Structure formats: C-alpha cells, structure tokens
Amino acid sequence: MCGIVGYAGSGDAPQILIEALKRLEYRGYDSAGIAVQENGGLTIHKKQGRISVMEETLPKLKATVGIGHTRWATHGEPSDANAHPQVDSSGDIAVIHNGTLENYADLRSRMEAAGIEFNSGTDTEVLPHLIARHYNGDLLAAVRAALGEVTGAYAIVVLHAAHPGEIVAARNESPLVVGFGEGENFLASDAPAIVKYTQRVAYVHNGELVRITADSIEISDMTGGTREPEIEELEWVVEDAEQGGYAHFMLKEIFEQPRALQESLLPTLAEAIVEGLDLNWRIGSISIVACGTSFHAGLVGKYVIEQLTAIPVNVYHASEFRYSPPVQNVGGMLSARPLVVLISQSGETADTLAAARVARQQGSHTVAICNVGGSSLAREVDGILLTRAGPEIGVAATKTFIVQMQALYMLAVHLAYSRKSMDQPQLRRWEQELRRLPHYVGQVLERRTAISKLAGTLQSANSIFFIGRNLSYPVALEGALKLKEISYLHAEGYPAGELKHGPLALLSPETPVVAIMSPDHTHSKLVSNIEEVAARKAPLLLVAQEGDADAQRLSPHVITVPATDPVLQPFTAGVALQLLAYHVADALGCEIDKPRNLAKSVTVE
Ligand code: F6R
C-alpha cells in the first residue's frame with residue numbers, strides 16, 4: 001500500500017518521478033505528491049486525488065533529484081495536508097512513508113508538548129520532526145537515530161535541502177527496492193516503477209538504510225554496519241507494466257493468462273519443483289495460508305492435493321492463522337513436520353508474511369507460491385515455487401490467480417508421484433493435461449463477446465449469489481469477489497448445498513444466481529439446487545461445459561466453457577467469471593483498475 005519512488009541523477013526528476021508513480025498507482029490513489037531539490041531548497045507539490053490531479057497542477061520545476069508518493073490512506077483522511085511528503089518545521093526535511101507507525105500518537109504528543117506544531121493527521125509527520133531533532137549535519141545518522149525511536153512498519157525516503165544530490169531511505173516490513181542506472185539511481189516500493197529505466201535491482205532488507213546519489217548506493221543497518229548490495233537482474237520488461245492498447249490493465253492481464261500459464265509451467269513434475277526445500281520427508285499435514293484471491297486459489301488446491309496425495313490439507317486466512325495457528329503444529333510435537341504453503345502474488349501482504357513467521361516459529365517447513373522473486377515472502381520461506389505471470393497492475397488479481405492454481409496442481413502431482421500414489425503413466429497424463437491449460441483458457445477468451453452480452457443480466461441486480469459444489473465452490477467465491485470489488489455490486493459466494501440453510505430467504509426476481517456447473521459427481525445435486533433457485537423466480541446465469549444439456553434446459557443464459565476434465569474447470573470457469581465481472585463493471589462505468597478503497601499489495605495489517 002502506498003507507492004514510493006526516489007530518483008537521483010541528471011534527468012528531469014519531476015517527470016521521472018511522475019512517470020514512475022503512475023506505474024505504482026495500483027498501490028494507492030487517495031493523493032499524490034513529490035519533493036525535489038531546487039535552488040538550494042526543497043520544492044514540494046502534493047494534491048488530494050489521483051496522480052493526474054497532482055501532475056496537472058504541477059508548476060515547471062527544474063530538478064534532478066527527488067522523491068514521490070501515491071497514497072492509500074491509513075492515518076488521516078485523504079486531503080492535501082495529509083498527502084506526502086510530510087515536512088519538518090523548517091521545511092528542509094521531506095519524508096515519504098509507506099506503512100504505519102505504531103507509537104506515533106505518543107511521539108506526537110511529546111513533541112507537541114515541546115512546542116512543535118503539526119500540520120497533518122498522519123502518523124508520518126512525526127518522522128521529519130524526529131529527524132530534525134537528531135540532525136547534526138549527517139542525514140543518514142539522523143534518520144537512523146530517528147528510526148530508533150519508532151515502532152511499526154515503514155519504507156521511507158527522505159530528502160534534505162542541505163544534502164543536494166542525496167536521498168536516504170530505510171525499510172522495516174514494507175518493501176523497498178534500489179535500481180542501479182548509468183549515472184542515475186532509483187528507489188521504489190516495487191520494481192515495475194523503475195523497470196523502464198533499469199533491470200538491475202537490489203532488495204533492501206528489514207532494518208536497513210540506503211543512501212543513494214547519482215553515482216553511489218550504500219546499504220547499512222541500524223548499527224552502522226554496511227553490506228554490498230546483491231544485484232539481481234529483473235525478468236520483467238517495460239511492456240509488462242504498460243497497458244498495451246487494452247482499455248484496462250485488468251483486461252490485458254486476463255488476456256495474458258495463456259502466456260502466464262505457459263511461462264509458469266515446469267517442464268517436469270517428477271523432479272524437485274520447489275526451489276530451496278526438498279519435499280522428500282513424511283508430510284503429516286499441509287496448511288495453506290493466504291488472503292483474498294490467493295486464499296481462493298488455496299481452496300482449489302486443497303481439493304486437488306487431498307485427492308492426489310491423501311495428505312490432509314487445511315486452508316486458512318492469513319489474518320486468522322497468524323493469531324490462531326492450528327493447534328497440531330504447536331511445539332513441533334509431531335513426528336512428521338507440517339508443511340505450510342503460503343500463497344501471495346506480491347509476496348508483501350502483511351498478514352501472509354506474519355503467518356510465515358508464525359509457521360516457522362512453530363517448526364513447520366514453509367513454501368511460498370509467489371509471483372515476485374525478490375519479495376519479502378520469497379526471502380523468508382524455506383522453499384519457493386515461483387509463478388511467472390509478470391507484474392500484475394490491475395488491483396483485481398486475475399492472471400496471478402490462474403498461475404497460483406497451476407502451481408498448486410503441480411505441487412499436488414509432484415507430491416503424489418514422489419510418494420508413489422501416482423505412477424508414471426498417470427504423471428505423464430497430468431503433465432499433458434496441464435500443458436493444455438493455455439489452450440483451454442484461450443478458448444474461453446475467444447468467447448469474450450458472448451460473455452459481455454450476458455453481463456447485462458447482472459447489471460441492475462440488488463445482490464448476486466454465486467454457487468458451486470466441490471471444486472466449483474471456491475470458483476464461486478472468487479467469481480463473487482471479482483464482481484463485488486470492481487463493480488460494487490453486492491455478491492456472495494456459497495456452497496450450493498448451503499443456500500437452503502439461510503440465503504434462500506434473500507432470493508427474488510432482483511437477486512440473480514450464478515451457478516457454476518461441472519460434470520463431476522456433484523452435477524445432479526447442483527441441478528437440484530438450481531431448480532430450487534428457479535422455483536423462487538431468481539434469474540439464473542449458468543457457467544457450464546459445452547454439451548451440458550441440463551444447463552441449456554435450466555436457463556436461457558449460459559456461459560459455456562470448453563469440455564475438459566472437471567478437475568481443470570476452475571481454470572476455464574475462473575477466467576469466464578473474470579470476464580463477466582469485467583464487463584459488468586465496464587458497463588456500469590466503474591474505475592476497473594483502481595476500485596474505490598482498495599489497493600494492491602496490502603502491506604498493513
Ligand atoms: C482480489 C485481490 C486481493 C488479493 C489479496 C492477497 O482481486 O487481488 O484479494 O488477492 O490482497 O494479495 P497477495 O496475493 O499479493 O498476497
């Protein structure tokens with residue numbers, strides 16, 4: 001949450017900062033601001049609203065060093081005053097911050113008692129005042145001393161009028177990456193912000209500070225110890241972070257799914273597939289831990305892993321797991337160590353990171369399924385199964401959901417084969433089917449026009465229920481989440497058999513039901529549930545495989561997906577529901593890539 005950038009070089013700093021910020025707008029869009037070094041002082045420009053609002057009102061500035069921010073409000077409502085940068089009383093120190101400072105209220109009241117005037121309702125404002133108090137000619141030392149007084153999560157970038165050409169940054173729990181250019185260097189909360197300028201990056205670790213100029217990057221810790229940056233080459237290219245002719249990033253990312261599946265598919269599932277952790281031990285149980293869409297991918301994974309391996313799997317919301325982990329893990333009392341699989345596209349979700357730490361403290365082995373190789377989660381777990389969907393900019397997760405499910409299927413097949421619950425011919429068959437996924441998903445994408453026409457059946461609804469059984473239940477949850485977050489229509493996902501235990505009371509001609517039908521052993525049961533809905537005169541929109549005669553009989557509104565093995569249907573139905581949500585939101589004129597109140601990468605608790 002909140003996007004941060006910093007630039008030190010000889011280029012047009014305001015222009016570079018704004019362009020980099022626009023690539024980070026998915027992290028927050030309540031307000032935006034920049035601070036640049038100009039004429040021996042700092043020039044600050046910030047505005048409530050989108051980056052474009054700040055840009056349109058920006059005066060002509062001549063500067064080669066600066067910092068920028070796009071905000072997702074935590075402390076203090078969105079306003080010009082609460083936008084970042086925040087400054088000290090002299091206006092010489094500007095600070096941009098992502099995260100939350102837990103002890104800011106205490107620090108603020110002590111400083112106010114000492115006569116310091118505050119001009120915002122943010123937690124961040126304590127930082128420039130603290131840095132000013134500790135400043136004695138050495139900015140890095142002052143920032144280090146100030147951070148010694150705060151608790152909480154932060155990634156910060158700091159500019160001082162008396163330190164031309166220099167930016168100091170620091171990180172604790174919130175992501176921060178340094179970009180190495182030629183005669184210019186960069187700071188950012190996420191790599192897509194700077195991928196246009198450089199592919200060479202180094203990730204800043206918790207408790208570290210960085211000082212950058214146009215020609216130097218120095219990383220140090222809170223005690224003053226230094227380390228050489230570990231430079232990594234980004235696999236992402238600038239086109240990955242651009243809209244490329246599509247009306248929205250979400251649509252582009254939906255259409256990138258066949259490629260994302262292809263890139264993420266491992267050539268063989270017989271060999272070790274998790275980097276850094278051998279899975280050749282007796283796994284007593286598996287906990288899958290994630291948030292939001294990643295949690296839904298985990299629910300699909302549970303079905304498949306249990307079916308193929310007979311290892312019991314539980315799926316937890318990371319925000320629950322971190323405070324109430326499953327009791328059987330406690331104390332490492334079991335002969336077989338539990339495996340905890342953490343799923344996060346960003347690898348920066350605060351709750352998922354905290355859950356990973358709890359799992360490790362309990363003695364579990366941890367594996368991350370993650371789309372960002374250098375992320376905090378990727379670095380903190382024992383093993384990593386990297387998905388290669390490329391950067392996801394639309395706030396609503398699409399392509400990363402699909403490759404998360406693919407990763408879980410690969411994990412299930414690998415575990416089954418290495419535990420001998422799957423033989424070689426079965427392994428080959430699975431590998432073959434997984435290779436066909438991009439083709440099946442491509443077939444769904446070809447049906448976009450038909451799906452967009454059916455979007456009209458939901459547009460004027462009061463409320464919409466998504467129902468499914470077995471593997472289609474998590475798909476229903478995800479379909480409802482996608483729809484509600486981008487169209488603001490109320491939608492709920494339910495196991496179809498549960499409708500009659502309460503929600504049926506809400507059905508009416510204004511409450512459509514989207515049912516996801518699959519030719520598995522629950523098909524006839526779902527047909528009965530659909531009949532119950534029809535009897536209450538609720539409009540029905542069905543998602544069903546080609547050739548499903550029941551679907552054609554039950555509703556005139558059917559989204560058909562290709563005929564596949566039912567176990568692969570979460571991929572095709574999942575994509576169909578993404579397109580459905582997209583077209584409903586588009587028809588309603590919603591801001592699809594930046595839904596209200598949301599931000600990608602939830603780095604606060
Ligand atoms: C919904 C969505 C969120 C994320 C959730 C977890 O479309 O994008 O629900 O899935 O915030 O994010 P990651 O996967 O980055 O941990």
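Q: What makes up the shell around the ligand, by class?
A: In this predicted model, the shell has five nonpolar, seven polar and two charged residues. Glycine is counted as polar in that split.

Q: Which residues come nearest to the ligand?
A: Of the 14 residues around the ligand, Ser294, Ser344, Ser346, Thr349 and Glu485 do. As for helices, α8 (292-309) and α15 each supply at least two shell residues, and α8 gives the most, with three.

Q: What makes the pair between Ser294 and the ligand a polar contact?
A: An N or O atom in the Ser294 side chain is 2.6 Å from a ligand oxygen, and the cut-off is 3.5 Å, so the pair counts. Lys482 passes too, with a polar side-chain atom 2.8 Å from an oxygen atom of the ligand. Thr293 uses its backbone instead: an N or O atom there lies 3.1 Å from a ligand oxygen.

Q: How much of the ligand does the protein bury?
A: Taken alone, the ligand exposes 410 Å², and the protein buries 88% of that. The space the ligand takes is the largest pocket.

Q: Why is Glu173 called partly exposed?
A: Its relative accessibility is 25%; buried means under 20% and exposed over 50%, so Glu173 falls in between. Tyr488, at 29%, is partly exposed as well.

Q: What is notable about phi in Glu173?
A: Phi of Glu173 is positive, about 75 degrees, although Glu173 is not a glycine. Most residues other than glycine have a negative phi. Tyr488 also has a positive phi, near 65 degrees.

Q: How do you know which form the peptide bond from His84 to Pro85 takes?
A: Omega is near 5 degrees, and the bond is cis.

How values were computed:
Residues are numbered from 1 along each chain as its sequence is written. This is a predicted model: local features need pLDDT of at least 70, side-chain atom pairs count only at pLDDT 80 or more; totals for chains, interfaces and linings use all residues. Side-chain values use heavy atoms; hydrogens and water are left out. Buried means under 20% relative accessible area, exposed over 50%, partly exposed in between (1.4 Å probe, protein chains only). A residue is near a molecule or strand if one of its heavy atoms lies within 4 Å of it. A polar contact is a pair of N or O atoms within 3.5 Å; within protein, one must be able to donate a hydrogen and the other to accept it, and residues adjacent in sequence count only if both atoms are side-chain atoms. Accessible areas come from the Shrake-Rupley method with a 1.4 Å probe; for residues, only the protein chains shown count as cover. On a 1 Å grid over the protein atoms alone, a cavity is a set of points where a 1.4 Å probe fits but cannot get out, and a pocket is an open set with protein on both sides within 12 Å along at least five of seven lines; lining residues have an atom within 4 Å of a point. A molecule sits in a cavity or pocket if more than half of its atoms lie within 2 Å of its grid points. Helices (H or I, at least four residues) and strands (E, at least two) are DSSP runs, numbered from the N terminus.
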